[in-house]
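I opened the model to look up how its helices pack and how its strands pair. My entries follow in the order in which I made them.

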Amino acid sequence: MVFEPPKRLVRALGETAPDGDDWLEKLPEAAQQAVALRELTVERVQVPGGRSSLVVLVRTADGTPAVLKLAPGRARPEAERAALAHWAGRGAVQLLEPCRTEGVLLLERLHPDVSVRSLPEAKALLEAAGTLRRLWVEPPAGFPFETVAERTGRQAEAMRARARVDPEVAPLVDVALAARAELLAAAPEHRLLHGTFRQSKVLAGERMPWLAVGPDPVVGECAFDLARLVRDRVEDLIAQPSGAATTRRRVKRLAESLDVDQERLRGWTLFRAVESGVRAGRVGRPRDAELLLEFAGWL
């Protein structure tokens with residue numbers, strides 16, 4: 001089988017490495033080798049798939065459905081492996097083997113086309129929040145993960161650079177950076193976080209109704225993780241005449257349901273929306289940038 005990377009993956013990797021790299025060129029051969037090493041039977045490449053990895057639906061030698069995932073180093077697949085091993089299937093997809101090949105993960109098969117995003121909005125938020133709660137555990141000793149301070153520090157530098165060449169975003173960037181500084185001055189907890197959690201990252205399973213996939217793990221406070229969920233379906237929020245009020249109610253409801261400080265959740269939601277909006281503008285997605293920055297202005 002020829003392992004052709006989906007167009008969505010090619011486009012997304014082009015955004016994160018505009019000068020290109022050789023990972024995509026080597027991907028077909030790497031996938032073939034990973035399949036042969038594990039004696040897997042390939043069913044199909046998942047399309048449209050993710051923005052940072054090739055996902056292949058396979059069966060193991062004994063016929064068990066599984067997922068083979070290949071990701072470049074900049075997507076931090078080894079951090080994902082470490083987090084999944086630590087969660088051991090509690091709230092997240094299960095790792096089916098220890099490390100055999102760097103950048104290659106063999107995972108439990110979920111239902112790749114059924115996420116909580118398919119549910120009505122209120123039910124989707126409830127199920128997603130319940131899944132996220134199970135992931136917030138003490139990190140392992142000597143953890144190999146970035147901290148929230150480290151990750152957002154890199155992001156803050158990129159935001160400042162963008163603000164210098166795009167004065168229109170500068171006021172929101174200033175507000176977001178001030179919020180970050182205040183939040184980091186008094187972080188209330190130190191938990192292992194999913195890092196990129198949203199409704200589409202929660203898939204239906206057999207072992208449990210809903211399980212999280214695709215973490216980009218980070219260690220820090222729970223409000224940081226929950227913040228990305230606040231803006232789910234942002235395009236629908238922007239389209240509503242009452243979008244701003246709905247957003248504020250969502251912050252309150254999610255904070256109360258997961259026992260997170262409401263103001264800290266609002267602050268991290270603001271920072272993460274501005275960061276995502278600035279990044280979208282930088283890589284040539286103006287519509288996404290416009291939506292995210294308008295959303296951030298409501299906070």
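Entry 1, helix H6 and helix H10. I began with helix H6 and helix H10 (residues 262–282), whose axes come within 9 Å and cross at roughly 135°. I noted the coordinates as those of a predicted model. The crossing angle makes H6 oblique to H10, because an angle must be over 145 degrees to count as roughly antiparallel. I recorded the crossing of H6 past H10 as left-handed.

I then listed the residues in contact. On the H6 side I found Leu172, Val173, Val175, Ala176, Leu177, Ala179, Arg180, Leu183 and Leu184. On the H10 side they meet Arg264, Gly267, Trp268, Leu270, Phe271, Val274 and Val278. Sorted by class, this contact of H6 with H10 holds 13 nonpolar residues, one polar residue and two charged residues.

Entry 2, helix H5 and helix H6. What is the angle at which H5 and H6 pack? I read about 160° for helix H5 (residues 148–165) against helix H6 (residues 170–184), with the axes 10 Å apart. H5 is therefore roughly antiparallel to H6. The crossing of H5 and H6 is left-handed.

For the contact itself, I noted Val148, Ala149, Thr152, Gly153, Ala156, Met159, Arg160 and Ala163 from H5. Their partners in H6 are Ala170, Val173, Ala176, Leu177, Arg180 and Leu184. By class, I entered 10 nonpolar, two polar and two charged residues for the contact of H5 with H6.

I checked Arg180 of H6 in both lists: this residue belongs to the contact with H5 and to the contact with H10. Val173 likewise takes part in the contact with H5 and in the one with H10.

Entry 3, the sheet. In what order do the three strands of the open sheet lie? I read the order as S5-S8-S9, with antiparallel pairing. Strand S5 (111–115) and strand S9 (210–212) are the edge strands, each pairing on one side only. From one strand to the next, the twist averages 55°.

I looked further at S5 and strand S8 (residues 202–204), which pair in the antiparallel sense over two bridges. Within this region I located His111 opposite Ala204 in S8.

Entry 4, a helix across the sheet. Which strands does helix H4 lie across? I found helix H4 (residues 121–135) lying across S8 and S9. H4 runs at about 55° to S9.

Technical notes:
Residues numbered from 1 in each chain as written. Predicted model: local features only at pLDDT ≥ 70, side-chain atom pairs only at ≥ 80, totals over all residues. Heavy atoms only, no water. Axes fitted to C-alpha atoms, helices over the stretch in contact; angles between N-to-C directions. Parallel < 35°, antiparallel > 145°, perpendicular 65-115°, else oblique. Left-handed = near helix turned anticlockwise from the far one by under 90°. Contact = heavy atoms within 4.5 Å. Nonpolar A, V, L, I, M, F, W, Y, C, P; charged D, E, K, R; others polar. Pairing = 2+ DSSP bridges.
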